[in-house]
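Please open the model in your viewer and keep the selection tool at hand. The tour below goes from the whole chain to single residues and back out to a helix and a sheet.

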Amino acid sequence: MKSYSPPPASRRNVRSHWRRQLLAALLLLSPGLACAAGDLDAARQRLTPALQRMPGGQLPQQLLLLAIKQSYRLELWGSDADGHWTRLRTYPIMAFSGGPGPKLLEGDLQVPEGVYRPVAFNPNSRYHLSLKLNYPNAFDRRMALNDGRRDPGSNIFIHGQEASSGCLAMGNTVIEELYWLVSVVGLRDTRVVITPVDPRRTPLRRWPSSPSWTDDKYRRIEAAVAELQPQKKQP
C-alpha cells in the first residue's frame with residue numbers, strides 16, 4: 001500500500017526518501033532536469049495538507065482529474081484502496097480554447113471531451129511542465145473512422161503557463177503539483193475527465209453542432225463522474 005503519513009518519529013527519513021525518489025525520477029526523465037527537483041519538492045510540500053485528507057493519511061491509490069469547461073475548474077480527486085474518493089484540491093483552469101463539444105479535427109483548436117489517461121510526462125515542455133493525454137483514444141479513433149475524418153488531432157496536454165490552443169493551461173504552480181502527484185501515484189492509475197458542464201448539476205446534452213455519437217461519449221463521462229459520489233451505507 002502507498003503510505004504517505006508516517007509515524008512522527010520517522011517523518012524526517014521519509015522526507016529524505018521522497019526527495020531521493022524525486023531526484024532519481026527527474027534524472028531518468030532528462031539528464032538536464034535535476035534543477036527542477038526543487039520546484040517539484042516544493043509542490044509536494046504544498047500538497048501535504050490536501051493529501052492528509054485521505055483516509056489514514058495514505059497516498060491515493062488512484063487519481064481522477066475532473067476538468068469542467070463551463071466553470072474553468074479542475075478538481076483533483078484521490079481514491080483509497082476501497083474505492084472511496086476524496087476531493088483533494090480545486091484549481092482554476094487558466095486558459096483553454098474552443099467551446100463545448102468534442103474535438104473533431106486537427107487544428108480546430110477544440111479541447112477534447114471524454115475520459116482519458118495521461119500517457120507521458122514532458123519535463124521539457126515549452127509550457128514549463130506538461131502531461132500528455134491519450135487523445136485520440138480508441139473511441140475517438142473509431143468515431144473518426146466511421147465519420148471519414150482522417151486526422152482527428154493529437155498532442156493534447158495539461159500544461160503550465162496561462163495560454164493554450166487546444167490544451168488545458170493550469171499555470172506553473174498547479175502543473176508542478178499535478179506533475180508530482182501523478183508521478184507518485186502513476187500514469188496507469190490516473191484518469192482525466194473533460195466535460196462541458198458539471199454532470200452532477202446539469203445533465204449532459206449534445207450540442208446541435210455535435211455528432212450523434214456524442215451522446216455515448218457523454219454517458220461515459222457521467223459514469224466516470226458518478227464514481228465520485230459518496231457511497232451509501234448498506235442498512
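## The whole chain

Of the 235 residues of the protein, 49% count as buried, in what is a predicted model. Colour the chain by secondary structure, and five helices and nine strands should appear, running from the N terminus in the order α-α-β-β-β-β-β-β-α-β-β-α-β-α. If you then show the surface, the protein exposes about 11900 Å², of which carbon and sulfur atoms supply 51%. Among contacts between residues at least 6 apart in sequence, 63% join residues at least 24 apart.

## The nonpolar cores

Select L76, I158, L178 and L181, which touch the most other members of the largest nonpolar core, a set of 35 residues. The elements that give two or more residues to this core are α2 (37-51), β1 (62-68), β2 (73-79), β3 (85-92), β6 (130-133), α4 (172-185) and β9 (190-195). Which of them gives the largest share? It is α4, with eight residues. In soluble globular proteins, nonpolar side chains tend to be buried together.

Now centre on L178 and leave aside its neighbours within four places in sequence: what remains in contact with L178 is L65, L76, Y91, L131, I158 and M170. Apart from the largest core lies another one, of 13 residues, among them L66, I68, I221 and V225.

## Two residues in neighbouring steps of the tour

Move next to L88, in strand β3. Is L88 buried or exposed? L88 is buried, since its relative accessible area is 0%. Beyond its neighbours within four places in sequence, L88 is in contact with A50, L51, R53, M54, P60, L76, W77, G78 and L181. If you draw a distance from L88 to G78, C-alpha to C-alpha, it should read 6.7 Å, although the two are 10 residues apart in sequence.

Then select R73, which lies in strand β2 and counts as buried at 17% relative accessibility, the cut-off being under 20%. The side chain of R73 makes a polar contact with the side chain of S71, at 2.9 Å. With neighbours within four places in sequence left aside, the contacts of R73 are L66, A67, I68, T90, Y91, I93, D198 and R200.

## Helix α3

Select residues 138-147, which make up helix α3, and show the side chains of F139, D140, M143 and A144, which are buried. Looking down the axis of α3, you will find these buried residues within an arc of 130°, so they line one face of the helix. On the other side of α3, L145 and N146 are exposed. To see what covers the buried residues of α3, add β4 (114-116) and α5 (214-226), which are included in that cover.

Both ends of this helix are worth a look. At the start of α3, a side-chain oxygen of N137 comes to within 3.2 Å of the backbone nitrogen of F139, while G148, which follows α3, has a positive phi, near 80°.

## An open sheet

Finally, select β5, β6, β7 and β8, four strands that form an open sheet in that order, with mixed pairing. Strands β5 (118-122) and β8 (168-169) stand at the edges, each with a single partner strand, so one side of each is left without a neighbour in the sheet. Strand β7 (residues 157-159) runs parallel to β8 and is joined to it by two bridges; end the tour at H159, which stands opposite A169 in β8.

Terms used
Residues are numbered from 1 along each chain as its sequence is written. This is a predicted model: local features need pLDDT of at least 70, side-chain atom pairs count only at pLDDT 80 or more; totals for chains, interfaces and linings use all residues. Side-chain values use heavy atoms; hydrogens and water are left out. Buried means under 20% relative accessible area, exposed over 50%, partly exposed in between (1.4 Å probe, protein chains only). The arc is that of the directions from the helix axis to the C-beta atoms. Contact means heavy atoms within 4.5 Å. A polar contact is a pair of N or O atoms within 3.5 Å; within protein, one must be able to donate a hydrogen and the other to accept it, and residues adjacent in sequence count only if both atoms are side-chain atoms. Two strands pair if DSSP finds at least two bridges between them. A nonpolar core is a set of buried Ala, Val, Leu, Ile, Met, Phe, Trp, Tyr and Cys residues joined through side-chain atoms within 4.5 Å. Accessible areas come from the Shrake-Rupley method with a 1.4 Å probe; for residues, only the protein chains shown count as cover.
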